[in-house]
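Trainee: Hi! I'm new to this one, could you walk me through it?
Mentor: Happy to, here it is.

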Amino acid sequence: MIKLILKLKDTKIEEFDLEKSIINIGRSKENDIFIDNIAVSRKHAQIELKEGSGYVLRDLHSSNGTILNGMQIDANDHELHDGDAIGIAKFEILVQGLAQTPQVVPKAIPEADVEGTMIFDAARRKPTLEPAVSPEQKVFHWPVLSAIKGPGKGKEFKITKEVTTVGKGVHDDIPAEGWFVSSPQAKISRRGDRFYISHVGGFLSSTKVNGIEIKEDHILKNKDEVEIGNCAFVFTQSFTEPPG
């Protein structure tokens with residue numbers, strides 16, 4: 001039997017004893033593990049018992065990704081072992097009760113290597129919920145928001161802060177204009193090597209990514225187009241191979 005323990009930070013929320021071959025996780029109530037949080041997709045991730053390989057975890061093309069032992073996974077099968085930690089938004093699901101022999105799994109890098117990494121007791125270190133940057137991965141660079149429409153067309157605004165504001169106020173980091181545009185209208189937040197945009201303006205205005213109106217914590221991907229009022233920007237985040 002697989003046992004899954006849902007936690008938020010150090011608080012245990014619920015424990016699941018599941019004997020099913022397929023376990024669905026997400027914000028929709030029909031999921032086996034229901035997580036009522038806006039950062040969790042309706043169908044976020046899935047655990048399946050596969051003959052000959054035990055339980056595997058896969059991401060269901062969620063908006064904010066699924067983390068396994070500190071590393072972001074894709075929609076392919078990723079084998080689970082006893083003691084694994086699954087990160088979904090700010091939540092953690094601990095895996096217990098698997099009778100498999102543990103194999104080598106990706107380890108989270110030391111807390112000194114990534115700004116904002118959660119710190120745990122050295123004797124019982126757990127992986128961070130944010131994607132970790134290992135020596136084999138590409139090197140992070142601060143992204144750029146390039147104006148392609150509006151008064152600032154042609155300008156590039158480099159994002160070098162943990163929280164960057166966009167709006168029509170004199171104190172906003174990136175200027176934007178238009179009817180009902182607020183100060184600030186949107187904010188871009190850094191989490192590890194990823195960036196999230198959220199709408200913080202009034203209900204009369206909107207913030208769009210690739211033509212779709214967003215509200216809270218929408219992950220920005222390379223070449224995404226952000227629309228605010230009369231302005232439009234392209235988000236560019238580049239990576240380079242590590243030296244050596």
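Below we chat about charged pairs and then about one loop residue.

Trainee: What kind of model is this, and how are residues numbered?
Mentor: It is a predicted model, where local features need pLDDT of at least 70, side-chain atom pairs count only at pLDDT 80 or more, and totals for chains, interfaces and linings use all residues. Residues are numbered from 1 along each chain as its sequence is written, and side-chain values use heavy atoms, with hydrogens and water left out.

Trainee: Cool. How many salt bridges are there in the whole structure?
Mentor: A search of the whole structure gives 10 salt bridges, a salt bridge being a side-chain nitrogen of Lys or Arg within 4 Å of a carboxyl oxygen of Asp or Glu.

Trainee: Why would side chains pair like that?
Mentor: Opposite charges on side chains can pair when the charged atoms come close.

Trainee: Which residue does Glu 15 form a salt bridge with?
Mentor: Glu 15 pairs with Lys 12, and their closest N and O atoms are 2.6 Å apart.

Trainee: Is that Glu 15 buried, exposed or partly exposed, and what about Lys 12?
Mentor: Glu 15 is partly exposed at 34% relative accessibility, and Lys 12 is partly exposed with a relative accessible area of 48%. Buried means under 20% relative accessible area, exposed means over 50%, and partly exposed is in between (1.4 Å probe, protein chains only).

Trainee: What does Glu 48 meet in a salt bridge?
Mentor: Glu 48 meets Arg 58, at 2.8 Å from N to O. Arg 58 is in strand 6 (residues 54-59) and Glu 48 in strand 5 (residues 45-50), so this pair links distant parts of the chain, 10 residues apart. Helices (H or I, at least four residues) and strands (E, at least two) are DSSP runs, numbered from the N terminus.

Trainee: And is Arg 58 buried or exposed?
Mentor: Arg 58 counts as buried, at 11% relative accessibility.

Trainee: Which salt bridge does Asp 77 make?
Mentor: Asp 77 also meets Arg 58, at 2.8 Å from N to O. Asp 77 lies in the loop between strand 8 (71-73) and strand 9 (78-79) and Arg 58 in strand 6, so they tie together parts 19 residues apart in sequence.

Trainee: Which residues are linked in a network of salt bridges?
Mentor: Glu 48, Lys 50, Arg 58 and Asp 77 are.

Trainee: New topic: where does Asn 31 lie?
Mentor: Asn 31 lies in the loop between strand 3 (22-26) and strand 4 (33-34), and Asn 31 is buried, with a relative accessible area of 11%.

Trainee: What does Asn 31 touch?
Mentor: Leaving out residues up to four places away in sequence, Asn 31 touches Asn 24, Ile 25, Gly 26 and Arg 42, where contact means heavy atoms within 4.5 Å.
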